[in-house]
Every structure is written in structure tokens, then in C-alpha cells.
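Reader: I am a first-year student, and I would like a close, patient look at one strand of this protein and at what lies around that strand. Please explain each term when you first need it.

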Amino acid sequence: MKLSYLCQNDLCQQEITLYVYPGDPGRTYGPPECCYPPEPATIEPEECEHCGTKVDSERVWEMVDDMMDDWDE
């Protein structure tokens with residue numbers, strides 16, 4: 001998922017594009033050829049390309065949850 005994020009650094013406040021992947025629980029049962037390992041959720045980039053401030057992942061996941069709630073309505 002691609003989304004716009006406003007840098008939380010008061011001196012920067014630049015809008016950056018984030019790519020969010022919710023992860024995959026994997027499959028750890030059944031025939032070996034059907035199994036694959038879990039993949040963690042990721043947010044890229046992890047910091048603002050303008051000032052280096054770390055992206056607030058908790059805020060990003062809240063934004064994603066809000067977007068999904070709006071989509072369900």
C-alpha cells in the first residue's frame with residue numbers, strides 16, 4: 001500500500017511517500033512444498049529522506065487502520 005505521510009519533525013514537515021506491507025503469517029503446516037515462512041510487516045522508507053527523522057510506525061499503522069475502516073463502510 002502506498003500512502004502520503006507528513007514528517008513529524010517540526011523543522012521539516014515535508015510530505016513523503018511511504019510503502020506499507022502488512023506482512024504475511026506464512027504457512028507452517030501441511031505438505032512441505034506448500035509451506036513458506038512468515039514475513040513481518042514493513043514500512044519503507046523508515047526515515048524521512050529530507051531530514052532523517054524516523055517514521056512514527058505506530059502513527060502509520062493507525063493511518064492504515066483508519067483507511068481500512070473507511071473502505072469497509
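**A close look at β2**

Author: Lys-2 stands opposite Tyr-19 in β2, and that pair of residues is a good place to begin. The model is a predicted one, in which local features need pLDDT of at least 70 and side-chain atom pairs count only at pLDDT 80 or more, while totals for chains, interfaces and linings use all residues. Residues are numbered from 1 along each chain as its sequence is written, and side-chain values use heavy atoms, with hydrogens and water left out.

Strands (DSSP runs of E, at least two residues) and helices (runs of H or I, at least four residues) are numbered from the N terminus. Two strands pair if DSSP finds at least two bridges between them. The strands β1 and β2 run antiparallel and are joined by five bridges, and Leu-6 is found opposite Glu-15 in β2. The strands β2 and β3 also run antiparallel, with three bridges joining them, and here Tyr-21 stands opposite Thr-42 in β3.

The next thing to follow is the direction of the side chains. A residue is called buried under 20% relative accessible area, exposed over 50%, and partly exposed in between, with a 1.4 Å probe and protein chains only. In β2, Ile-16, Leu-18 and Val-20 point to one face and are buried, whereas Glu-15, Thr-17, Tyr-19 and Tyr-21 point to the other face and are not buried. The strand β1 also alternates, since Leu-3 and Tyr-5 are buried on one face, while Lys-2, Ser-4 and Leu-6 point to the other and are not buried. In a regular strand the side chains alternate between the two faces of the sheet.

Where do these buried side chains go? The largest nonpolar core has 12 residues, including Ile-16, Leu-18 and Val-20, together with Leu-3 and Tyr-5. A nonpolar core is a set of buried Ala, Val, Leu, Ile, Met, Phe, Trp, Tyr and Cys residues joined through side-chain atoms within 4.5 Å. The elements that give two or more residues to this core are β1 (2-6), β2 (15-21) and α1, and the largest share, three residues, comes from β2. In soluble globular proteins, nonpolar side chains tend to be buried together.

Val-55, another member of this core, shows how the parts meet. Contact means heavy atoms within 4.5 Å, and, leaving aside neighbours within four places in sequence, Val-55 is in contact with Ile-16 and Leu-18, and also with Tyr-5, Ile-43 and Pro-45, among others. Pro-45 lies in the loop between β3 (42-44) and α1, and a cis peptide bond, with omega about -5°, joins Glu-44 to Pro-45.

From the helix side, Trp-61 of α1 reaches the end of the strand, for this residue touches Val-20 and Tyr-21 as well as Pro-22, Ala-41, Thr-42 and Ile-43, not counting residues up to four places away in sequence. Trp-61 and Ile-43 are 18 residues apart in sequence and 9.2 Å apart in space, C-alpha to C-alpha. Is Trp-61 buried, exposed or partly exposed? Trp-61 counts as partly exposed, because its relative accessibility is 26%.

Finally, consider the loops on either side of β2. Gln-13 lies in the loop between β1 and β2, and its phi is near 55°, a positive value in a residue other than glycine. Most residues other than glycine have a negative phi, and most peptide bonds are trans. Gln-13 has a relative accessibility of 37%, so the residue counts as partly exposed. In the loop between β2 and β3 lies Gly-26, which is buried because its relative accessible area is 19%. Gly-26 and Pro-38 are 12 residues apart in sequence, yet 3.8 Å apart in space, C-alpha to C-alpha. Not counting residues up to four places away in sequence, Gly-26 touches Tyr-36, Pro-37 and Pro-38.
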